[in-house]
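The following paragraphs lead the reader through one protein structure, from a single side chain to the chain as a whole. Please keep the sequence and the three-dimensional view at hand while reading.

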Amino acid sequence: MSTAQTPQPDATAGPPGAAGTPEHPEGRTPETSGAPDTPAAGPAERADPVPWRRRLLVGLVAGLLAWGLAALLSPEDGAARQLGAAALVAVAAVAVQHLVLVPDRAAEERARRAESLLAETAATVRGGLRRYDELQHGLTRHTEDMKQLVETRLVPPPRPAEPEPPAPPLVRIESVSDLAANFAEVLSPGLPILSTFVRLEMQRVIGHLSDLTTLTAECPGENHDWMLTLTRAAEKSICATSTSVDRTFWNSEPASRYLHAQAEAIEQGVPVRRLFLLESARELDDRLLRLCEEQQVLHIEVRVAVLPELPPHLLRGTTNDFIVYDEAVSFEIDQDLRDVNIRTRLIARQDHVHDRMKRFRELWEAGMSLRELEVRVDDEEDGTWMVDRG
């Protein structure tokens, strides 16, 4: 064939950039720059990897094998057909070797160009990095020069430190009266009588607060402010008793504010229970029934207990009014022999509060519910219930 005479490049020859090329005039590749120089490959060395003699020999052997097989398998076909088949196999063997073993010149050229482009790109990147380092170094040096210029010429010299103003003298408080006087001086409204009023009120309030450090405080008479404030401060429960002495209280203005504060506490999830303690069954009337119904409308749990009708072991405890807030503080009102409220006390001692809660639970269990109270009042009015005349 005509293509058999075209010289092919040697596959073992060096990569692009060998001796004599513009990329590597010294005849070394970038990867083997440390190896000794190798002479350029001549035309004879760039011949095909498999010489034509070997190809023809392989084709001849293939043809002989084909002729032998044809003669052995089909002796009746004749020598002409057997020789033709052998020649065809021989030519095919030579052609296959040529197609498989001849290197692709276009692929070799593309590989050479890619390698050259890669080398140029690497050189460009190295040059760019070198210029970037130089630029960064120059900017750093320029920044340091500007900083030094600002510090030496533009920033004024520091002023001498000014002495700090003297701290106000500490106020020595020797007693509650001194503390109240200090508050009155700060909050003085200007008028002498109001200044005195502020001082006295602060002295009273601070005195109560000081007493609470011992878990006990008291004041003369009834203190509705304590009762309202504790109701607003409660978070868990309110358990209250109400004796016959309080019967007129429920028609007063403080009672209206007190019930309103308890209704707000119930809306906040604080249960309120009230136990009315009666000295005699004569107090079981429609007025008491309406009072209980009004409080139950506010979602206050109500019960009534007639003291003379209680079991004997329950009559041995105290019967004065008390309110326990959060099972932690007891609000109590003491009466004199004329049933006049003479003193209000706050007691937070745990043993005392525990006894008050125990007393309340016992009386609560023995009391009548609102439904039972309605039946009892009807029986009292009809005369079907034996009324205590004592």
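Asp334 is buried, with a relative accessible area of 10%, which places this residue under the 20% limit for that class. The model in which Asp334 is seen is a predicted one. What does the side chain of Asp334 pair with? Its partner is Arg345, and the closest N and O atoms of this salt bridge are 3.3 Å apart. Arg345 belongs to strand S7 (residues 341-347) and Asp334 to strand S6, so the salt bridge ties together parts of the chain that lie 11 residues apart in sequence. Arg345 itself counts as partly exposed, at 24% relative accessibility. The pair therefore joins a buried residue, Asp334, to a partly exposed one, Arg345.

Asp334 and Arg345 also belong to a wider arrangement. Through salt bridges that share partners, Glu332, Asp334, Arg343, Arg345 and Arg356 are joined into one network. The count of salt bridges comes to 10.

Another of these links involves Glu327 and Arg361, whose closest N and O atoms are 3.5 Å apart. Glu327 sits in the loop between strand S5 (322-325) and strand S6 (329-335), whereas Arg361 is in helix H9 (residues 350-366), so this salt bridge connects parts that are 34 residues apart in sequence. How accessible are the two partners? Glu327 is partly exposed, with a relative accessible area of 40%, and Arg361 likewise counts as partly exposed at 40% relative accessibility. A further salt bridge is formed by the side chains of Asp351 and Arg349, with an N to O distance of 4.0 Å. Arg349 is partly exposed, its relative accessible area being 35%.

The text now turns to helix packing. Two packed helices are described by the angle between their axes and the distance between the axes. For helix H6 (residues 224-233) and helix H7 (residues 253-267), the axes come within 9 Å and cross at roughly 15 degrees. Angles under 35 degrees count as roughly parallel, so H6 is roughly parallel to H7. The crossing of the two helices is left-handed. On the H6 side, the contact is made by His224, Met227, Leu228 and Thr231; on the H7 side, by Pro254, Arg257, Tyr258, Ala261, Gln262 and Ala265. By class, the residues of this contact divide into 6 nonpolar, 3 polar and 1 charged.

One of the contact residues, Tyr258, merits a separate look. Tyr258 is located in helix H7. Is Tyr258 buried or exposed? At 2% relative accessibility, Tyr258 counts as buried. With its neighbours within four places in sequence left aside, Tyr258 is in contact with Met227, Leu228, Thr231, Phe249, Trp250, Arg274, Ile323 and Tyr325. Among these partners, Met227, Leu228 and Thr231 also take part in the contact of H6 with H7. A separation along the chain can be set beside one in space: Tyr258 and Arg232 are 26 residues apart along the chain, and their C-alpha atoms are separated by 9.8 Å.

These local views may finally be placed in the context of the whole chain. The protein chain has 10 helices and 7 strands. Of its 390 residues, 31% count as buried; Asp334 and Tyr258 are both in that class. Among contacts between residues at least 6 apart in sequence, 68% join residues at least 24 apart.

Key
Residues are numbered from 1 along each chain as its sequence is written. This is a predicted model: local features need pLDDT of at least 70, side-chain atom pairs count only at pLDDT 80 or more; totals for chains, interfaces and linings use all residues. Side-chain values use heavy atoms; hydrogens and water are left out. Axes are lines fitted to C-alpha atoms, for helices over the stretch in contact, and angles run from 0 to 180 degrees between N-to-C directions. Helices (H or I, at least four residues) and strands (E, at least two) are DSSP runs, numbered from the N terminus. Angles under 35 degrees count as roughly parallel, over 145 as roughly antiparallel, 65 to 115 as roughly perpendicular and the rest as oblique. A crossing is left-handed if the near helix is turned anticlockwise from the far one by less than a right angle, and right-handed if clockwise. Contact means heavy atoms within 4.5 Å. Ala, Val, Leu, Ile, Met, Phe, Trp, Tyr, Cys and Pro count as nonpolar, Asp, Glu, Lys and Arg as charged, and the others, Gly among them, as polar. Buried means under 20% relative accessible area, exposed over 50%, partly exposed in between (1.4 Å probe, protein chains only).
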